[in-house]
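Here is a quick tour for someone meeting this structure for the first time. Take a look at it before reading on.

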Amino acid sequence: MPPQRDHATSEVPNTPFWLSSGKRNADVIVVGAGFTGLRVATTLKTERPEWKVVILEALSQGAAASSRNAGFACFGSPGELISDIDEMGLDAAADLLSLRFEGIQALQTDLDEHGLSSVTDGGNEVFEVDRQEDHETILFRWEDLLELWERAGLPSDLWLEQRFSGFSSQLLFSGFHTKYEFGIDPQELYDSLEKRAVSVGVSIHRGVTLEDLHARDSEVRLTTSDGSWKSKYIALCTNAGRTPKFAEGLYPGRGQIVVTEPLKEHPFLGNYHVDRGYYYFRNIGDRLLLGGGRHVYKEEETTRDLNTSRQLIEHLKSYIERILLPGKDVRIEYAWSGTMGFHTGGGKMPLLSKMQNGVYRCVGFGGMGVALSNSAAMKLSTMILNDRS
Ligand SMILES: Cc1cc2nc3c(=O)[nH]c(=O)nc-3n(C[C@H](O)[C@H](O)[C@H](O)COP(=O)(O)OP(=O)(O)OC[C@H]3O[C@@H](n4cnc5c(N)ncnc54)[C@H](O)[C@@H]3O)c2cc1C
């Protein structure tokens, strides 16, 4: 018996009749079409072809972070790994590093299998000359790093000391190098993941924001900006979350990137991290890409605002002219921003859990999810596939 309702006497949802006969029922609804959501949806549909798998995405194009990042397939420079040990303890830092590295390996395999490009010049950590003590601290704590890598099951040559030449006068010649990092084209990866999701039969609905959900018996009901849906499972792959209601334990951070005009001389090849990853730069052909600096304006940049940040663009331009290419006057030809999801508790491990019957989430990747979203998405998919409730 269909529900009794009378538009003249009561509030009923503004949903066309044509969508009312089960078309908005699914077996799995993934919320968020970033790297994580696309991978989860594709895995579930591939493993259970009989399931109807739907993705709902708030933004009309792209994603909040996945199509707007800097494309570093990275797992943490020595400076960042030491702060991870200090902030989380050795065991938690090893678990995080191990999941990130699993993501790096899975991403490399994925790029190879799908013929996607990568730049394999490796990764480097470099230091401003005025912060030589940061470099000395790492050398002093090298034993801690070796222990971390061993606990994470990683090789002892994960990072090695390196001397650089022909560098900026504002950077030390001594730093660290890893052969395990690489650079990707995030948009190329994004397009490929989206195409794969559609080709296995996942349907993607853009411009639809999840507003509320209620889990009852064996189904979850969703209220969205485009009417109601119901499903057996919900996977929240919403990273920072566009609606605070689904961002418990998280706060947003706007990341800003700039890319210069083509440069005649370019001393940098590969990926570079400075100041524990607060700045990161890489060459894109003969251009320089620089991102970061958010820590300088932390309060103002704690926002879901999708516009670029004027103050950060100026800050990054000045960083290039003062530190990376001192004395050069460079033109910024591209500038864009994206939204990251950080933990209010300060942790860095993505929040990956079953929240209630039928409701799962995998969110909060901070500034390092390009590779990590692979391994985390695999874990979330396995949890849903093994759900016997
Ligand atoms: C500027 C910038 C540079 C970065 N650089 C790097 C880098 O070089 N290397 C690296 O490893 N990582 C980097 N990152 C981080 C990396 O991009 C992310 O960790 C990763 O893309 C997270 O993927 P995701 O799918 O979990 O989240 P997202 O890509 O953020 O996708 C989540 C999606 O959920 C949608 N959503 C949220 N709430 C709702 C709702 N209520 N209803 C419907 N949809 C919703 C959002 O619109 C969004 O599209 C960077 C991030 C930024 C912003």
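What follows is a short walk through a few helices, strands and one loop residue.

## Before we start

Keep in mind that this is a predicted model.

## Two helices that meet

Two packed helices are described by the angle between their axes and the distance between the axes. Let's do that for helix 1, which covers residues 35–47, and helix 8, which covers residues 372–385. Their axes are 9 Å apart, and the packing angle is about 40 degrees. That makes helix 1 oblique to helix 8, and the crossing between helix 1 and helix 8 is right-handed.

Who touches whom? On the helix 1 side, the contact involves Phe35, Thr36, Arg39, Val40, Thr43, Leu44 and Glu47. Helix 8 brings Ser373, Asn374, Ala376, Ala377, Leu380, Ser381, Ile384 and Leu385. Sorted by class, the contact of helix 1 with helix 8 has eight nonpolar residues, five polar ones and two charged ones.

## A small open sheet

Strands of a sheet pair through backbone hydrogen bonds, either parallel or antiparallel. Here, one open sheet has three strands in the order 3-8-4, and its pairing is antiparallel. Strand 3 (72–73) and strand 4 (118–119) are the edge strands, each pairing on one side only.

Strand 8 takes in residues 182–184, and two bridges join it to strand 4. If you want a spot to zoom in on, try Val119, which stands opposite Gly183 in strand 8.

## Strand 15 and its partners

Is strand 15 mostly covered or mostly open? Strand 15 (residues 279–284) is mostly covered, with five of its six residues buried. Strand 14 (residues 271–274) pairs with strand 15 in the antiparallel sense, over four bridges. Within that pair, Tyr272 sits opposite Phe281. The two strands form a hairpin with four residues between them, and Asp275 in the turn has a positive phi of about 50 degrees.

Strand 15 also runs antiparallel to strand 16, joined to it by six bridges. Tyr279 stands opposite Gly292 in strand 16. This pair makes a hairpin too, with two residues between the strands, and Gly285 takes a positive phi near 60 degrees.

## A stop at His295

After strand 16 (287–292), and ahead of helix 7 (310–324), comes the loop that holds His295. Is His295 buried or partly exposed? It's partly exposed, because 13 other C-beta atoms lie within 10 Å, while a buried residue would need 20 or more.

How far is His295 from Arg361? They are 66 residues apart in sequence and, C-alpha to C-alpha, 27 Å apart in space.

Terms used:
Residues are numbered from 1 along each chain as its sequence is written. This is a predicted model: local features need pLDDT of at least 70, side-chain atom pairs count only at pLDDT 80 or more; totals for chains, interfaces and linings use all residues. Axes are lines fitted to C-alpha atoms, for helices over the stretch in contact, and angles run from 0 to 180 degrees between N-to-C directions. Angles under 35 degrees count as roughly parallel, over 145 as roughly antiparallel, 65 to 115 as roughly perpendicular and the rest as oblique. A crossing is left-handed if the near helix is turned anticlockwise from the far one by less than a right angle, and right-handed if clockwise. Two residues are in contact if their C-beta atoms, placed from the backbone, lie within 7 Å. Ala, Val, Leu, Ile, Met, Phe, Trp, Tyr, Cys and Pro count as nonpolar, Asp, Glu, Lys and Arg as charged, and the others, Gly among them, as polar. A residue is buried if 20 or more other C-beta atoms lie within 10 Å of its own, exposed if 12 or fewer, and partly exposed in between; C-beta atoms are placed from the backbone. Two strands pair if DSSP finds at least two bridges between them.
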